[in-house]
Amino acid sequence: MKKNNLKRLNLSTLEALAEEIREFLIKSISDTGGHLASNLGVVELTLALHTVFSTPHDKIIWDVGHQAYVHKILTGRRGRFCELRKMNGLSGFPKPHESEHDAFGTGHSSTAISAALGLAIARDTEEKSERKKNIIAVVGDGSLTGGLAYEGLNNAGRADTDLLVVLNDNQMSISKNVGAVARHLNALRTASAYLGAKEDVRSILDKLPVLGAPITRGIESTKDILKYAMLPGILFEEMGFKYIGPVDGHDIPALITALIRVRKFRGPVLLHVVTVKGKGYDIAEESPRNYHGVGKFCIETGLPESQPGKPTFTDVFAKHICKKAIRDSRIVAITAAMRDGVGLSRFRERFPNRFFDVGIAEGHAVTFAAGLAMGGLKPVVAVYSSFLQRAYDQIIHDVAIQNLPVIFAIDHAGVVAGDGETHQGIYDIPFLSHIPNLTVLAPSDGNELKEMFDFALEHNGPVAIRYPKDTAGAEKNCEHSEKISFIQLQDGKKIAIVSVGVMLETAQAVADKLLQNGFSPALYSARVIKPVCNELLQQLSNYEYIFTLEDGARIGGYGERIHATHAFAFPDTFPETGTRKELFARYELDAENIYKKILEVLKNGKQKKTQPAN
């Protein structure tokens with residue numbers, strides 16, 4: 001269906017279309033995987049938004065962008081859903097270069113209000129169109145757990161510009177009584193006559209001598225009492241927004257009516273919409289958390305198609321932290337709204353009083369952990385690599401400067417399948433490696449992860465352990481070294497290959513190819529990224545050629561820091577969507593391409609000695 005036909009549909013046809021879209025989403029995502037429950041919950045809301053507003057003239061910003069699938073369907077991308085979250089396919093998030101209807105890229109949470117305010121101010125500054133652009137931020141209630149959202153609300157409430165924030169609330173339960181009162185107040189508040197009457201009364205009373213001002217203050221006081229007692233949106237009112245709602249997010253007529261009314265308002269407005277996550281698919285409605293992000297699944301049973309495989313690094317971490325917490329009551333765990341993703345569900349069940357989910361607030365999580373550490377506990381902050389970026393200042397200011405024993409369990413390090421540029425975890429090595437007092441570790445398999453976690457628990461200072469969203473690897477044909485710094489797997493002449501973390505399997509394959517072709521490469525596994533081990537540097541100084549392999553950014557990475565002959569790492573770019581295998585191949589970080597590049601370097605005779613990098 002073409003987008004420009006949407007406004008011609010009557011209500012019954014829109015409702016039928018909603019069911020058709022819902023069925024399409026369930027079928028399509030069961031084949032490709034993706035974000036299911038959140039998109040099933042915004043079908044009617046998205047239809048209403050596109051009925052009342054007109055993109056790309058009007059700007060809709062989705063926060064977080066994983067709830068924008070219906071928006072993509074309505075803006076001409078339905079036919080591309082078979083390639084959702086695949087290399088060169090349809091992104092799972094809004095991307096302006098993918099479509100002019102995507103007003104802003106939103107892969108991380110809590111950013112839409114700030115971005116929408118920027119677009120609104122830019123519109124006010126350069127508005128030349130006869131029809132003013134509407135700027136709408138659709139914000140999930142989870143996004144409001146992030147502090148950046150409130151920074152945006154605070155600024156927008158004082159900016160005196162037209163801006164609509166739609167709060168998509170799929171968690172709050174509202175009783176019938178409260179709902180009835182809210183609907184009544186909403187009917188009054190959305191009537192322009194009522195809004196105008198308040199100003200008219202105030203204006204008249206202000207002109208009365210002697211009694212006018214006291215009466216006005218009395219009315220204001222009474223109004224405030226009623227407002228605080230009855231209005232669910234008092235927080236937003238106090239921040240300068242007109243609060244409207246709550247509105248049933250699955251009632252298309254009510255949504256369209258509310259949107260048409262608020263479109264006429266001047267200044268910042270917040271429309272509170274209540275939706276059901278997973279709406280229309282009973283299995284997802286009953287367990288929306290489990291159907292937030294899914295792989296391929298059977299529609300009839302809801303069960304994943306793939307059978308459980310080898311344990312992942314996350315699995316190893318989940319079991320080991322519980323094992324250590326049994327023995328040490330000072331261990332506490334912190335997550336920023338990612339309990340399942342980082343493997344802390346089991347910890348929460350076993351140690352509920354030692355588990356803290358702070359919401360989508362990574363900066364707070366780190367400073368909170370610093371306080372816990374200062375108080376004598378052993379806090380573990382489990383977080384995705386790409387989300388830890390949001391807490392950079394707190395890592396330095398609150399943890400590292402004070403040299404506090406906080407453990408960062410950095411999941412989804414390296415490239416991540418499916419989610420694209422916004423979720424790639426290739427930047428943590430550069431941005432962590434220059435922070436004083438911080439030790440950065442990278443295990444090559446599950447056993448090393450456990451060893452490193454044990455080390456971190458005893459270390460007198462902050463430790464970061466990075467590992468990918470991947471299986472924890474097979475046992476290596478060598479004994480693990482008792483020292484945490486590095487291990488030499490094979491001796492050699494002239495050539496040394498140094499693997500960082502999970503690149504060891506690739507490094508071994510490259511070393512084998514070189515051996516088969518008459519070379520004698522030494523092979524090292526660097527477990528400690530920072531500080532660089534002086535003993536390792538000393539050994540590497542005996543080789544003419546040093547090649548490093550790491551699953552991070554090349555600039556500022558491990559290879560650059562030890563001045564390798566050639567550092568195999570990701571270039572100065574944002575890796576796109578794809579599987580880990582596809583992305584390693586695209587950036588020539590697979591064994592075959594690395595082998596060819598090493599032969600080229602050896603042929604050209606390029607050499608460089610290592611230098612101390614600490």
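The following exchange asks how some descriptions of this predicted model are justified.

User: Why is the packing of helix H1 against helix H3 called oblique?

Analyst: Helix H1 (residues 11-32) and helix H3 (residues 43-52) pack at an angle of about 130°, with their axes 9 Å apart. Angles over 145 degrees count as roughly antiparallel and those from 65 to 115 as roughly perpendicular, while the rest, once those under 35 are set aside as roughly parallel, are oblique. The angle of about 130° therefore makes H1 oblique to H3. The crossing of these two helices is right-handed.

User: Which residues of H1 and H3 meet, and what makes up their contact by class?

Analyst: From H1, the residues Leu14, Leu17, Ala18, Glu19, Ile21, Arg22 and Leu25 meet Val43, Glu44, Leu47 and Thr51 of H3. By class, this contact of H1 with H3 has 7 nonpolar, 1 polar and 3 charged residues.

User: What makes strands S14 and S19 the edge strands of their sheet?

Analyst: The sheet is open and is formed by 5 strands in the order S14-S16-S15-S18-S19, with mixed pairing. Strand S14 (486-490) and strand S19 (566-570) each pair on one side only, and these are the edge strands. From one strand to the next, the twist averages 20°.

User: Why do strands S15 and S18 count as paired, and in which sense do they run?

Analyst: Pairing requires at least two bridges between two strands. Strand S15 (residues 495-500) and strand S18 (residues 545-553) have 5 bridges, in the parallel sense, and therefore they satisfy that requirement of at least two. One of the bridge partners is tyrosine 545 in S18, which is matched with isoleucine 495.

User: Which helices pack on the sheet?

Analyst: Helix H20 (residues 504-516) packs on the sheet, touching S14, S15, strand S16 (521-526) and S18, and its direction makes about 175° with that of S16. Helix H24 (residues 591-604) also packs on the sheet, where it touches S15, S18 and S19, and its direction makes about 145° with that of S18.

User: How do you know that S15 is mostly covered, and which residues lie on each of its faces?

Analyst: Buried means under 20% relative accessible area, and 6 of the 6 residues of S15 are buried. Both faces are covered, with Ile495, Ile497 and Ser499 buried on one side and Ala496, Val498 and Val500 buried on the other. S15 also pairs with S16 in the parallel sense over 6 bridges, and isoleucine 497 stands opposite leucine 523 in S16.

Notes:
Residues are numbered from 1 along each chain as its sequence is written. This is a predicted model: local features need pLDDT of at least 70, side-chain atom pairs count only at pLDDT 80 or more; totals for chains, interfaces and linings use all residues. Side-chain values use heavy atoms; hydrogens and water are left out. Axes are lines fitted to C-alpha atoms, for helices over the stretch in contact, and angles run from 0 to 180 degrees between N-to-C directions. Helices (H or I, at least four residues) and strands (E, at least two) are DSSP runs, numbered from the N terminus. A crossing is left-handed if the near helix is turned anticlockwise from the far one by less than a right angle, and right-handed if clockwise. Contact means heavy atoms within 4.5 Å. Ala, Val, Leu, Ile, Met, Phe, Trp, Tyr, Cys and Pro count as nonpolar, Asp, Glu, Lys and Arg as charged, and the others, Gly among them, as polar. Buried means under 20% relative accessible area, exposed over 50%, partly exposed in between (1.4 Å probe, protein chains only).
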